[in-house]
Amino acid sequence: MYEFEEVVILLVEDDLGDQKLVAKALAKERIANKLRITSSGEEALQYLDRSKAGDKDSPMPDLILLDLNMPGIGGQEFLRLLKSDHELTTIPVVILTTSDSDRDILESFKLQASGYIKKPGSLEAFHQIMHDVTDYWFVICKRVHHDSGCKKRDTTCSVG
Amino acid sequence: MNLEIPFNMLLVEDDPGDQKLVKSALSAQDVKINLHIASCAEDALKYLQLSENGDVDCPWPNLIVLDLNMPGMGGKEFLTYIKAEKALCSIPVVILTTSDSEADIKECYGMYAAGYIQKPGKPAEFRDIVRNMITYWFTDGLSAKHHLQANELEKVGGK
């Protein structure tokens, strides 16, 4: 039953070129997916607040792709905040960044990132990586179904 | 960093049949990964302790693959323990189990599992799943690069 559901991917990425690359790569995937893009950690947190409140236009993501180097709160701070929120902590976060520094890698895993991928140079490589990422998270791995709670579409449910 | 450092995976699994399946699936991959097997959570903890102390026979795992149902300390307890340990919490842990219960899935992700895979019945499926897992973690992913333990990085001052 769940295999035919469209999955929701939240991209947190400030670079417009990279936003386009990810969108193009995901559009080709056989796994039906809805991509939501936010250009900063702050925007992403606001998006997730709306998700928690049951906003239909801000569906809870099944996966977050997260850049590290962004103005404002930055990727690692966003990750730290997300993982300390019990309503959001089960969402896997995959870092997608230009950095391959040991320190960034280690820090990201200490903050419980569920993957760390260096942005590839070519569109083709991007496609391959997005294919592997979606295969891992949506075909191979089981996932938490966020829409099994009352906040999905039930307008009679009280929202805190 | 040095690309010649081999990759290491720690499998925490009590069933000898499943141990064999993972071993054989790994040997069919292009990427060379040294597999270390602990037959119970307690042995896995001992391995990690030795690894932290620099024992060359217990190299630092780049990935832990963890069964849930084991005698003695169960998988969830092990996961909770290592995620609370400063030196160990950065190792990604992927659950590999027969259970597909929603409660188990939610609980494990809530305890920072970095994947949850239900064991497939057939060896060929097992191989496919392991191939995909290896690609994600060791080919596309840079987690394998992070061969330094947390305290080691602090000692050398990082990069």
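Leu35(A) is partly exposed, because 17 other C-beta atoms lie within 10 Å, a count short of the 20 or more that would class a residue as buried. The model in which this residue is described is a predicted one. Leu35(A) belongs to strand E2 of chain A. Leaving aside neighbours within four places in sequence, the residues in contact with Leu35(A) are Ile9(A), Leu11(A), Ala23(A) and Leu26(A).

One of these contacts leads into the strand pairing. Ile9(A) has Leu35(A) as its bridge partner in E2(A). The wider pairing joins strand E1 (residues 7-12) of chain A to strand E2 (residues 33-38) of chain A through 6 bridges, and the two strands run parallel. Between E1(A) and E2(A) the chain passes through helix H1 (residues 16-27) of chain A, and this β-α-β crossover is right-handed. As a general rule, the strands of a sheet pair through backbone hydrogen bonds, either parallel or antiparallel.

The two strands form part of an open sheet of 5 strands in chain A, with the order E2-E1-E3-E4-E5 and parallel pairing. E2 and strand E5 (116-118) of chain A stand at the edges; each has a single partner strand, so one side of each is left without a neighbour in the sheet. On average, and with direction ignored, neighbouring strands of this sheet are turned by 20 degrees against each other.

The loop between helix H4 (102-110) and E5 of chain A holds Gln112(A). Gln112(A) is separated from Leu35(A) by 77 residues in sequence and by 23 Å in space, C-alpha to C-alpha. Is Gln112(A) buried or exposed? Gln112(A) is buried, because 22 other C-beta atoms lie within 10 Å. Its backbone has a positive phi of about 75 degrees, although Gln112(A) is not a glycine.

In chain B, the loop between H4 and E5 contains Tyr112(B). Tyr112(B) also is not a glycine, yet has a positive phi of about 75 degrees. With 22 other C-beta atoms within 10 Å, Tyr112(B) is buried.

Attention now turns to the nonpolar interior. The largest nonpolar core has 87 residues, and those with the most contacts inside it are Leu65(A), Leu66(A), Leu66(B), Val94(B) and Ala113(B). Not counting residues up to four places away in sequence, Ala113(B) touches Leu79(B), Val93(B), Val94(B), Ile95(B) and Cys108(B). In soluble globular proteins, nonpolar side chains tend to be buried together.

The two chains also meet directly. Contacts link 31 residues of chain B with 25 residues of chain A. On the side of chain B that touches chain A, the elements giving two or more residues are helix H4 (102-110), strand E5 (116-118), helix H5 (123-140) and helix H6 (150-156) of chain B. Which of these elements gives the most to that side? H5(B) does, with 6 residues. By class, the side of chain B that touches chain A comprises 16 nonpolar, 10 polar and 5 charged residues.

Methods: Residues are numbered from 1 along each chain as its sequence is written. Chains are lettered from A and ligands numbered from 1 in the order in which they are written. This is a predicted model: local features need pLDDT of at least 70, side-chain atom pairs count only at pLDDT 80 or more; totals for chains, interfaces and linings use all residues. Two strands pair if DSSP finds at least two bridges between them. Helices (H or I, at least four residues) and strands (E, at least two) are DSSP runs, numbered from the N terminus. A crossover is right-handed if, with the strands pointing away from the viewer, the path from the first strand over the helix to the second runs clockwise. A residue is buried if 20 or more other C-beta atoms lie within 10 Å of its own, exposed if 12 or fewer, and partly exposed in between; C-beta atoms are placed from the backbone. Two residues are in contact if their C-beta atoms, placed from the backbone, lie within 7 Å. Axes are lines fitted to C-alpha atoms, for helices over the stretch in contact, and angles run from 0 to 180 degrees between N-to-C directions. Ala, Val, Leu, Ile, Met, Phe, Trp, Tyr, Cys and Pro count as nonpolar, Asp, Glu, Lys and Arg as charged, and the others, Gly among them, as polar. A nonpolar core is a set of buried Ala, Val, Leu, Ile, Met, Phe, Trp, Tyr and Cys residues joined through C-beta atoms within 7 Å.
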